[in-house]
Amino acid sequence: MTGDQRRMSIDGENVQLPISPKALAVHDPPKFNQGGQINSSVFAGDRDTMQNGAAEAVICNSKKLQDAMQEIGLKIKHHEDNIKFLKAQKNILDDSILDTQVALGRYQSASEPGSENKESSNRRNEEEIIERILKHDKSAAGIYCQLKTHHGPQVTHLPLLKDVMGIVALLGKVDDDNLSRLLSDYLGLETMLAVVCKTPDGIKALETYDKEGFINKSSGLYALGASIGRALDARFLVICLGNLRPYEGAFIADDPQRRLALMKPRLPNGETPPGFLGFAVNMINIDSANLYCATSTGHGLRETLFYKLFSRLQVYKTRTEMLQALTVITHGAISLDGGIIKSNGVFALGNRNIGGTKND
């Protein structure tokens, strides 16, 4: 058959075969080595290809796992952030509840039923305190109260006492008798009987000296005491508001008593210690006249006198709860069952003197 012949004879007939336009695939035959065995390099290439494919699959799966773990990590972080936010909101609410309890829980407003009886009770308590102070007849506080008893509000017009605001025990009130006794114990008798002046001039008026530096007992409070038969012969404290560094923080919003917005103590878990009731400085009720302008700079008694005396003294329900909160007590603490921590590391042990009175 020549090159031009493309037909075959089948049963005597000529049949034309179809010519495929596609070329046939030609595979190289397997190569044998001299020993008649197939060359292993042929399979090595296939094995490398399979190994590379497996490695790529492992890498792909690993990346998918990493992506999934990263997504889970982001979700966990999101939930942790939510928990932190909710804890912060809870702390804010706890603080608000504590402030409200201090402002309203134990101290009823003047508009509530029974307020007239309460005011009458407060007057009686003040009279009782004055009577107790008068027992210290040779003290500066005793002389001041004697003059106040006889002259009433006019005592502030006496040239010698025009700068005197009063006695510590009379400048603030605590409605709860037990808490009042505890705060008195914490401060001590000498501080409770301290005379409070507005400026250094008031101190100079109370005590003068002769050329040799000795006390001139013919002037000042000494002469005033002698004039009413109460000789002053003991050392006494005088607190000058003008020399005190006042509290510089914020006040609780819309609080008519202008209580201080102090940061509540927090345990490592962010919670307020169990049994914490508040700060002593915010549990004092102050007359409206002394809330704003006790000093020439416009500061009230709470942020000057009582912040100086109590600072951030914490109040707890029980001694046990107070001791459990030692790690967050920085300026002392008291408990309603009689526990007292004077300052960090200084404890007052034992029971109070039952025979004593509220302010003596």
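A residue counts as buried when its relative accessible area is under 20%, as exposed when over 50%, and as partly exposed in between. The exercises below use a predicted model.

**Exercise 1. Overall make-up**

Task: State what share of the protein's residues is buried, how many helices and strands there are, and what area the protein exposes.

Solution:
- Step 1. With the cut-off above, 34% of the 360 residues count as buried.
- Step 2. The secondary structure consists of ten helices and ten strands.
- Step 3. The exposed area is about 22,900 Å², and carbon and sulfur atoms supply 55% of it.
- Step 4. Among contacts with a separation of 6 or more, 59% are between residues 24 or more positions apart.

**Exercise 2. The sheet of three strands**

Task: Give the order of the strands S3, S4 and S5 in their open sheet, then find which helix lies across S3 and S4.

Solution:
- Step 1. The strand order is S3-S4-S5, and the pairing is mixed.
- Step 2. Strand S3 (164-167) and strand S5 (238-240) are the edge strands, each pairing on one side only.
- Step 3. From one strand to the next, the twist averages 25°.
- Step 4. S3 pairs with strand S4 (residues 195-197) over three bridges in the antiparallel sense. Within S4, Val-195 is the residue that stands opposite Ile-167.
- Step 5. The helix across S3 and S4 is H3 (residues 140-151), which runs at about 110° to S3.

**Exercise 3. The sheet of five strands**

Task: Identify the edge strands of the open sheet of five strands and the helix that packs on the sheet.

Solution:
- Step 1. The order is S6-S7-S8-S9-S10, again with mixed pairing.
- Step 2. At the edges are strand S6 (276-279) and strand S10 (346-348), each of which pairs on one side only.
- Step 3. The twist averages 20° from one strand to the next.
- Step 4. Three bridges join S6 and strand S7 (residues 314-316), which pair in the antiparallel sense. Here Phe-279 stands opposite Gln-314 in S7.
- Step 5. Helix H5 (residues 177-187) packs on this sheet and touches S7, strand S8 (333-335) and strand S9 (340-343). The direction of H5 makes about 35° with that of S9.

**Exercise 4. The largest nonpolar core**

Task: Name the residues with the most contacts inside the largest nonpolar core, and the element that gives the core its largest share.

Solution:
- Step 1. The core has 70 residues, and Leu-305, Phe-306 and Phe-310 have the most contacts inside it.
- Step 2. H3 contributes the largest share, six residues.
- Step 3. Take Phe-306 as the example. Beyond residues up to four places away in sequence, Phe-306 touches Leu-171, Gly-172, Val-281, Ile-284, Ile-286, Leu-301 and Ser-311.

**Exercise 5. Helix H8 and Ala-223**

Task: List the buried residues of helix H8 and decide whether Ala-223 is buried, partly exposed or exposed.

Solution:
- Step 1. H8 (residues 220-227) has Gly-220, Leu-221, Tyr-222, Leu-224 and Gly-225 as its buried residues.
- Step 2. These buried residues pack against H3 and helix H7 (200-206).
- Step 3. Ala-223 also lies in helix H8. Its relative accessible area is 27%, so Ala-223 is partly exposed.
- Step 4. Apart from neighbours within four places in sequence, Ala-223 is in contact with Lys-217 and Ser-218. Its C-alpha atom is separated by 9.6 Å from that of Leu-206, 17 residues apart along the chain.
- Step 5. After H8 comes Gly-229, which has a positive phi near 80°.

Conventions. Residues are numbered from 1 along each chain as its sequence is written. This is a predicted model: local features need pLDDT of at least 70, side-chain atom pairs count only at pLDDT 80 or more; totals for chains, interfaces and linings use all residues. Side-chain values use heavy atoms; hydrogens and water are left out. Two strands pair if DSSP finds at least two bridges between them. Helices (H or I, at least four residues) and strands (E, at least two) are DSSP runs, numbered from the N terminus. Axes are lines fitted to C-alpha atoms, for helices over the stretch in contact, and angles run from 0 to 180 degrees between N-to-C directions. Contact means heavy atoms within 4.5 Å. A nonpolar core is a set of buried Ala, Val, Leu, Ile, Met, Phe, Trp, Tyr and Cys residues joined through side-chain atoms within 4.5 Å. Buried means under 20% relative accessible area, exposed over 50%, partly exposed in between (1.4 Å probe, protein chains only). Accessible areas come from the Shrake-Rupley method with a 1.4 Å probe; for residues, only the protein chains shown count as cover.
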